[in-house]
Amino acid sequence: MRHALVVLLLLSGPTLAFELDDLQDRLNQTETLEGRFEQQRYLADLDTRLKSTGHFLYERDARMVWVLETPIEDRLVFTAENAADSLDEKAGAGSDRQRQQVGTLLLQLLQGDWHALQERFTLDVSGTNEAWQVTLEPKAKALRQRFTRIELKGADYLDNIALYAANEDVLRVRFFDQRPFDPSAAEAGNDPER
């Protein structure tokens, strides 16, 4: 009997593996999300680390609002409409373009738009429902000239992003205090951040 159980467990092992479809199903359950973030950017040329903090707001199929609070105040809004071409391999450089690319990537990740991501990246998924990890490596030469890989980690939500640039800069974002919210309650309260 013990041997039969061991064989059954070994045979069922691959079906218990965490796969891209599992991750997509998990992230697709998130209609709205708000929380805080801590962002650290390492600039290789200057051997300097820059830290910023803020909060974010996400509404599926609508927008992502990214609000920097320290060291400067800034508010960015990413929508599917204004993000459509920001990951284009032929897109120009510059800090605005890079911010738009990161915002678009976040929007696609939170929406579970893995098919769009698979067109531009090779994806390696591992882990479990409680602790998953995805590594994205760009396929196109133009993207590889900008960054080498992106690492994502999470559980119920996306918790950490690390973006490794081709020039050896590194951007790390840690999300915390994440929770769903009611968009109609936010509108009724006339919250300026929403």
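Select Phe175 first: at 7% relative accessibility, Phe175 counts as buried. The model on screen is a predicted one. Now add Phe56, which is also buried, with a relative accessible area of 3%. Phe56 lies in strand S2 and Phe175 in strand S9, so this pair ties together parts that are 119 residues apart in sequence.

Show the side chains of both residues and look at the rings. How are the planes of Phe56 and Phe175 set against each other? They stand at 80°, with the ring centres 5.4 Å apart, so the pair is edge-to-face; an angle over 60 degrees is what earns that label.

Keep Phe56 and Phe175 selected and add Phe37 and Trp66. Ring pairs link these four residues, Phe37, Phe56, Trp66 and Phe175, into a cluster. Across the structure there are 5 aromatic pairs.

For another of the ring pairs, go to Phe121 and Phe147. Their planes are at 20° and their centres 6.1 Å apart, so this pair is stacked. Phe121 belongs to strand S5 (residues 121-127) and Phe147 to strand S7 (residues 147-154), and the two are 26 residues apart. Are they buried or exposed? Both Phe121 and Phe147 are buried.

Next, select Arg149 and Tyr164. Here a charge meets a ring: the charged end of Arg149 sits over the ring of Tyr164, 3.8 Å from the ring's centre.

The tour now turns to charged pairs. Side chains of opposite charge can pair when their charged atoms come close. The structure has 7 salt bridges, and three stops follow.

Start with Glu31 and Arg60. They form a salt bridge in which the closest N and O atoms are 3.6 Å apart. Which parts of the chain does this pair tie together? Glu31 lies in the loop between H2 and strand S1 (32-43), while Arg60 lies in the loop between strand S2 (48-59) and strand S3 (63-70), so the joined parts are 29 residues apart in sequence. Colour the two by exposure and they part company: Glu31 counts as partly exposed at 46% relative accessibility, whereas Arg60 is buried, with a relative accessible area of 15%. The cut-off for buried is under 20%, so Arg60 falls within it.

Move on to Arg179 and Glu34, another salt bridge, with 3.7 Å between the closest N and O atoms. Arg179 is in strand S9 (residues 170-179) and Glu34 in strand S1, so far along the chain from each other that 145 residues separate them. Arg179 counts as partly exposed, at 42% relative accessibility. Glu34, at 12%, counts as buried.

The third stop is Glu59 with Arg63. The closest N and O atoms of this salt bridge are 2.8 Å apart. Glu59 is buried, and Arg63 is buried too.

Finish at Glu19. Where is this residue found? Glu19 sits in the loop between helix H1 (2-12) and helix H2 (20-28). With a relative accessible area of 44%, Glu19 is partly exposed. Add Thr128 to the selection and mark the C-alpha atoms: those of Glu19 and Thr128 are separated by 8.6 Å, although the residues are 109 apart along the chain.

Terms used
Residues numbered from 1 in each chain as written. Predicted model: local features only at pLDDT ≥ 70, side-chain atom pairs only at ≥ 80, totals over all residues. Heavy atoms only, no water. Helix = DSSP H or I, 4+ residues; strand = E, 2+ residues; numbered from the N terminus. Buried < 20%, exposed > 50% of the residue type's maximum accessible area, 1.4 Å probe, protein only. Salt bridge = Lys/Arg side-chain N within 4 Å of Asp/Glu carboxyl O. Phe/Tyr/Trp six-rings, centres within 6.5 Å; stacked < 30°, edge-to-face > 60°. Lys NZ or Arg CZ within 6 Å of the ring centre and 35° of its normal.
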